[in-house]
Amino acid sequence: MEQTFIMIKPDGVQRGLVGEIIKRFENKGFYLKGLKMVTVERSFAEKHYEDLAAKPFFPGLVDYIISGPVVAMVWEGKGVVLTGRKIIGATNPAESAPGTIRGDYAIVVGRNIIHGSDAVESARKEIALWFPEGISGWQSSAHSWIYE
Ligand code: UDP
Ligand code: MG
C-alpha cells in the first residue's frame, strides 16, 4: 500500500504538537509504520531538501530543520501522499485552510511545523533517506473496518 514520509519539524516538537499531529493521521485510519525522534546534521537536511538548494530561503530552511529534534514518521494507506498533504495544508500557513495542521497551528511559512512528501516517488526517496534501517511490517487488525 502507499506510504508517505511525514516529519514534525523542530517547532512542532518544541510547541508540544507531536501527539496532536499523530492523532490526526491515526484517527483518519492511516497506519503508523515508522517513528523516531532525531536531530539531523546540516548535510542530511541539505540532502532532504536538495531540490530547493537554489531557493533564497534554503539556508534559513536548513538552519530551521537542524535547530532541534524532529519526529520522522512513515504513514501508510490508500492515497496517503495526497491526503497527507491535505491534512497538512498549504505550504504558507496564511493560505492553509482552518482544519488543516498548518491552518490550525502555524502562522508563517518559515515555521510551518510539519513536512509531508509531495508525491509517491519523493515519498519513496525520503523514506529510504530517513529510514535506511527499514520500517515495521506490522498489519492493523482494524483493516477490514477501514477498507471495504
Ligand atoms: N519555505 C520557506 N519559505 C518559502 C517556501 C518554503 O521557508 O517561501 C520552507 C517551508 O518550511 C516549507 C519548506 O521550505 O515547508 C519546503 O518548501 P516546499 O515548497 O517543498 O513546501 P512544502 O512541501 O513543505 O509544503
Ligand atoms: Mg515540499
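**Exercise 1. Determine which residues His115 touches, and state whether His115 is buried or exposed.**

*Step 1.* Contact requires heavy atoms within 4.5 Å. Not counting residues up to four places away in sequence, His115 touches Phe5, Ile6, Met7, Lys9, His48, Tyr49, Ile88, Arg102 and Glu126.

*Step 2.* His115 is found in strand 4. Helices (H or I, at least four residues) and strands (E, at least two) are DSSP runs, numbered from the N terminus.

*Step 3.* The relative accessible area of His115 is 9%, so this residue is buried. The term buried means under 20% relative accessible area, exposed means over 50%, and partly exposed lies in between (1.4 Å probe, protein chains only).

*Step 4.* Ile88, one of the residues touched, is 27 residues from His115 in sequence, and the two C-alpha atoms are 7.9 Å apart in space.

*Note on the model.* This is a predicted model, in which local features need pLDDT of at least 70, side-chain atom pairs count only at pLDDT 80 or more, and totals for chains, interfaces and linings use all residues. Residues are numbered from 1 along each chain as its sequence is written, chains are lettered from A and ligands numbered from 1 in the order in which they are written, and side-chain values use heavy atoms, with hydrogens and water left out.

**Exercise 2. Describe the largest pocket and its lining.**

*Step 1.* The largest pocket holds about 700 Å³ of space. On a 1 Å grid over the protein atoms alone, a pocket is an open set of points where a 1.4 Å probe fits, with protein on both sides within 12 Å along at least five of seven lines; lining residues have an atom within 4 Å of a point.

*Step 2.* There are 25 lining residues, and those closest to the centre of the pocket are His48, Tyr49, Leu52, Leu61 and His115.

*Step 3.* At least two residues of the lining come from each of helix 3 (42–48), helix 4 (58–65), strand 4 and helix 7 (120–130). Helix 7 gives the most, with 4 residues.

*Step 4.* By class, the lining has 7 nonpolar, 8 polar and 10 charged residues.

**Exercise 3. Compare the surroundings of Lys9 and Arg85, two residues of the UniProt "binding site" feature.**

*Step 1.* An unreviewed UniProt entry places this feature at Lys9, Phe57, Arg85, Thr91, Arg102 and Asn112; such annotations may be inferred rather than shown by experiment. The lining of the largest pocket takes in these six positions: Lys9, Phe57, Arg85, Thr91, Arg102 and Asn112.

*Step 2.* Lys9 lies in the loop between strand 1 and helix 1 (10–14). Its relative accessible area is 4%, so Lys9 is buried. Beyond four places in sequence, the contacts of Lys9 include Tyr49, Arg102, Asn112 and His115.

*Step 3.* Arg85 is found in helix 5. With a relative accessible area of 34%, Arg85 is partly exposed. Beyond four places in sequence, Arg85 touches Thr91, Gly116, Ser117 and Asp118.

**Exercise 4. Explain why the buried residues of helix 2 are on the same side of this helix.**

*Step 1.* Helix 2 covers residues 18–28, and Ile21, Ile22, Arg24 and Phe25 are buried in it.

*Step 2.* These residues lie on the same side of helix 2 because they cover an arc of only 155 degrees around the axis. The arc is that of the directions from the helix axis to the C-beta atoms.

*Step 3.* An α-helix has 3.6 residues a turn, so residues three or four places apart point the same way.

*Step 4.* Among the elements that cover the buried residues of helix 2 are strand 1 (3–8), strand 2 (31–38) and helix 5 (80–88).

Methods
Grid points are joined across faces, edges and corners, and a volume is the space filled by probe spheres set on the points. Ala, Val, Leu, Ile, Met, Phe, Trp, Tyr, Cys and Pro count as nonpolar, Asp, Glu, Lys and Arg as charged, and the others, Gly among them, as polar.
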